[in-house]
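Colleague: I would like a close look at one part of this protein before I go back to the bench. Please keep to what the model shows.

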Amino acid sequence: MTQPETSQTSTRSPLWLRGLLFVSLCLNLLVAGSVIGHLFADGPERKVPRVDRMGGPMTFALTPEDRHEIGKSLRAEYRAGRPSRREVMADYQSVITALRADPFDPATVQASFDSQLETSTERIAIGQQILMDRLTAMSPEDRYRFADRLEEGLAHRQKGERQKDDRRKGDRGMPEPEGMR
């Protein structure tokens, strides 16, 4: 008995498919490169602050452990007082309706803005209270070290701002004319 012949089928993909895969690979590498470049090239002033770093220089002067604990406390407090998704969506829907209304009634939009401002103000107060509790619980030595780090951070920040101002003005280390000071 003879075995049936198997035909040799080509396993190569069509040229257009290989071209499409190549273009897709190039686009993926471009996106990945952009994301990685953004992560490494942008300074802290361009990054979105994490919840445990929103306090500015005082927060940066904390130890990593203190920042971590404050961040945990903030997230817990924020979750506790957060409106439901349904409430948030209802608020935005009322803003959308008000924006499309003719005549426009700014009171609805202003009420939403006021509510957002109130929520932000409450969150700032919560953050300040948590930070104050943490500072109060520190030993005198820890508070002294915190004050040193705060002073150092502020001096570094001032130096950086002066350098930015100098670059904006095009200063190359030359003193300003007498009348400009």
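Which residues make up the largest nonpolar core? Please take me through that core and its surroundings.

Modeller: This is a predicted model, and what follows describes that model. The protein has six helices and zero strands, and along the sequence the pattern reads α-α-α-α-α-α.

The largest nonpolar core has 11 residues in all: Ala 61, Leu 62, Ile 70, Leu 74, Tyr 78, Ile 130, Leu 131, Leu 135, Met 138, Phe 146 and Leu 150. Two or more of these residues come from each of helix 3, helix 5 (106–137) and helix 6 (140–169). As a general rule, nonpolar side chains in soluble globular proteins tend to be buried together. For the protein as a whole, 13% of its 181 residues count as buried. Of the contacts with a separation of 6 or more, 55% join residues 24 or more positions apart.

Ala 61 is a convenient place to start. Setting aside neighbours within four places in sequence, Ala 61 is in contact with Phe 146, Arg 149 and Leu 150. Phe 146 and Leu 150 are themselves members of the core. Glu 151, which lies in helix 6, is 90 residues from Ala 61 in sequence, but their C-alpha atoms are 8.5 Å apart in space. Glu 151 is exposed, because its relative accessible area is 57% and the cut-off for exposed is over 50%.

Met 138, another core residue, leads to a charged residue. Asp 66 is found in helix 3, which spans residues 64–81. Apart from neighbours within four places in sequence, Asp 66 is in contact with Arg 134 and Met 138. Asp 66 counts as buried, because its relative accessibility is 11% and the cut-off for buried is under 20%.

Asp 66 and Arg 134 also form a salt bridge, with 2.7 Å between the closest N and O atoms. Since Asp 66 lies in helix 3 and Arg 134 in helix 5, the pair ties together parts that are 68 residues apart in sequence. The two side chains make a polar contact as well, again at 2.7 Å. The partners differ in burial class: Asp 66 is buried at 11% relative accessibility, whereas Arg 134 is partly exposed at 28%. In general, side chains of opposite charge can pair when their charged atoms come close.

A search of the whole structure finds three salt bridges, and the other two can be placed on the helices that supply the core. In helix 3, Lys 72 and Glu 69 are three residues apart, about one turn of the helix. Their side chains meet in a salt bridge with an N to O distance of 3.7 Å. Lys 72 is partly exposed, with a relative accessible area of 44%, and Glu 69 is also partly exposed, at 29%.

The remaining pair is Asp 142 and Arg 145, whose closest N and O atoms are 2.3 Å apart in their salt bridge. These two residues are three positions apart in helix 6, so about one helical turn separates them. Asp 142 counts as partly exposed at 32% relative accessibility, and Arg 145 does too, at 44%.

Two further features are worth marking on the model. The first concerns the chain ahead of helix 5. Pro 103 lies in the loop between helix 4 (85–100) and helix 5, and the peptide bond from Asp 102 to Pro 103 is cis, with omega near 10°. For background, most peptide bonds are trans.

The second is at the surface. Phe 22, Val 23, Leu 27 and Leu 30 form a nonpolar patch there, with about 420 Å² of accessible area together. Val 23 belongs to helix 1, residues 15–41. Val 23 is partly exposed, because its relative accessible area is 45% and that class falls between the cut-offs of 20% and 50%. Overall, the protein exposes about 15,600 Å², and carbon and sulfur atoms supply 58% of that area.

To return to your request, the core draws two or more residues from each of helix 3, helix 5 and helix 6. The salt bridge between Asp 66 and Arg 134 links helix 3 to helix 5, and Asp 66 is in contact with the core residue Met 138.

Notes. Residues are numbered from 1 along each chain as its sequence is written. This is a predicted model: local features need pLDDT of at least 70, side-chain atom pairs count only at pLDDT 80 or more; totals for chains, interfaces and linings use all residues. Side-chain values use heavy atoms; hydrogens and water are left out. Helices (H or I, at least four residues) and strands (E, at least two) are DSSP runs, numbered from the N terminus. Buried means under 20% relative accessible area, exposed over 50%, partly exposed in between (1.4 Å probe, protein chains only). A polar contact is a pair of N or O atoms within 3.5 Å; within protein, one must be able to donate a hydrogen and the other to accept it, and residues adjacent in sequence count only if both atoms are side-chain atoms. Contact means heavy atoms within 4.5 Å. Accessible areas come from the Shrake-Rupley method with a 1.4 Å probe; for residues, only the protein chains shown count as cover. Patches are made of residues with over 30% relative accessible area and no salt bridge: like charges are joined within 9 Å, nonpolar side chains (Val, Leu, Ile, Met, Phe, Trp, Tyr) within 5 Å. A salt bridge is a side-chain nitrogen of Lys or Arg within 4 Å of a carboxyl oxygen of Asp or Glu. A nonpolar core is a set of buried Ala, Val, Leu, Ile, Met, Phe, Trp, Tyr and Cys residues joined through side-chain atoms within 4.5 Å.
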